[in-house]
Amino acid sequence: MSSRFFLLALSISALGVGVLSQARTLPPPVNDLAVAESPFPRALSDFGFFSNLASQTPNDGVIPYRLNTPLFSDGAEKLRFIYLPAGMTAKSDGEGLLDLPIGAAIIKTFAFGGGDDRRLIETRVLLHRADGWLALPYKWDDAQSDARLVVAGARVDLTTPSGEDISYRVPNKNQCKECHGLDGEVIPIGPKARNLSHDWLEGMTTSGKLDTVPAGSDVLPKWELRWTARTSDAARAYLDVNCAHCHRPGATASNSGLDLRWEQDDLQAIGVGKRPVAAGRGSGELLFDIVPGKPDQSILAHRMRSDEIGVAMPELGKSTVDKDGVNVIERWIAEMK
């Protein structure tokens, strides 16, 4: 064998080894069967949403996103992702929820702490199946190696970013329906176009993941800019994200008569001058949900300021008082004429 031929053969061999090595290191794709059909996958890793679970590195087809105004959950960091199967496209539906195809999933991981001390607590998944959406909670193990399905929910002792020691509640499967239930169906509540960045939506459209940038997108103010945004916008965005999934027609707290959705413009429906109909002792003997100019006489602010079970609002998803949220709502009421 000539030296030239030997070097050529060696190069081809090395190239082959390189390709094989690369193939071996590629993560397996998302398990579409687990998303669409498996009864209750026992571990988060069963889905294959992440090429690296601990670092929450998304796999192909799993797209990170953020909300302009997020839901408060005791100060937890949220890592949000949408999964779209290969070749599938989401559809715009005005300023409301994106219309995600069957086989899609929404993934949200709750974490506390930062840097090397970050601790993943739970991951909630919403799976869009042929018979509707299915919500499942997964609790992370102490080694941070995987999260296991906790149908009955769980408790985790931790310290919040504000320094409060709490027994954090991972919701059980049925409790997921309390926030995600509408007219007897389970629906997503997070990725509404009005609460998503225009740039992110445009990127989704350019990459073929979304049919078009929705009209009315990117309307809710960014929560970190709440001090410079119009107070009414920051407050209404907060109520839309933190409260309206229950306080709206067809939802679990519709008997309260409150409709706290962003698009509701009837002042009495959002509580102004409205007497409570289902508050019980939660009213604190106050007479109206919102008294313009008087946050101290408004049931809405009173319940947000409380951490007492039966009084505190929202009832689920938090154990502590959201002081920044209370501040925004109190400023909004105080500015009312």
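**Exercise 1. State which domains the protein chain is assigned, and how they meet.**

Solution. Start with the bounds: domain 1 is 29–220 and domain 2 is 223–336. These bounds come from an automatic or database domain assignment. The model is predicted, so local features need pLDDT of at least 70 and side-chain atom pairs count only at pLDDT 80 or more, while totals for chains, interfaces and linings use all residues. Residues are numbered from 1 along each chain as its sequence is written, and side-chain values use heavy atoms, with hydrogens and water left out.

Next, take the spacing. The C-alpha centres of domain 1 and domain 2 are 25 Å apart. Then take the contacts (heavy atoms within 4.5 Å). Here 27 residues of domain 1 are in contact with 24 residues of domain 2.

**Exercise 2. Describe the largest nonpolar core and the elements that supply it.**

Solution. Fix the term first. A nonpolar core is a set of buried Ala, Val, Leu, Ile, Met, Phe, Trp, Tyr and Cys residues joined through side-chain atoms within 4.5 Å. Buried means under 20% relative accessible area (1.4 Å probe, protein chains only).

The largest core has 24 residues. Among those with the most contacts inside it are Leu44, Phe47, Phe49 and Leu127. At least two residues of this core come from each of α2 (32–36), β4 (77–83), β5 (105–112), β6 (119–129), β7 (132–140) and β8 (147–149). Helices (H or I, at least four residues) and strands (E, at least two) are DSSP runs, numbered from the N terminus. β7 gives the largest share, 4 residues.

Now look at Leu127. Leaving out residues up to four places away in sequence, Leu127 touches Phe47, Phe49, Trp133 and Leu136, among others. A second, separate core has 22 residues, including Phe72, Ala244, Leu300 and Met336.

**Exercise 3. Find what lines the largest cavity.**

Solution. A cavity is a set of points, on a 1 Å grid over the protein atoms alone, where a 1.4 Å probe fits but cannot get out; lining residues have an atom within 4 Å of a point. The structure holds 2 cavities of 30 Å³ or more. The largest has about 50 Å³ of space, a volume being the space filled by probe spheres set on the points.

Its lining includes Arg119, Leu120, Ile121, Lys139, Trp140 and Asp141. β6 and β7 each give two or more residues to this lining. The largest share, 3 residues, comes from β6.

Definitions and conventions
Buried < 20%, exposed > 50% of the residue type's maximum accessible area, 1.4 Å probe, protein only. 1 Å grid on protein atoms, 1.4 Å probe; cavity = no way out; pocket = protein on both sides within 12 Å on 5 of 7 lines; lining within 4 Å.
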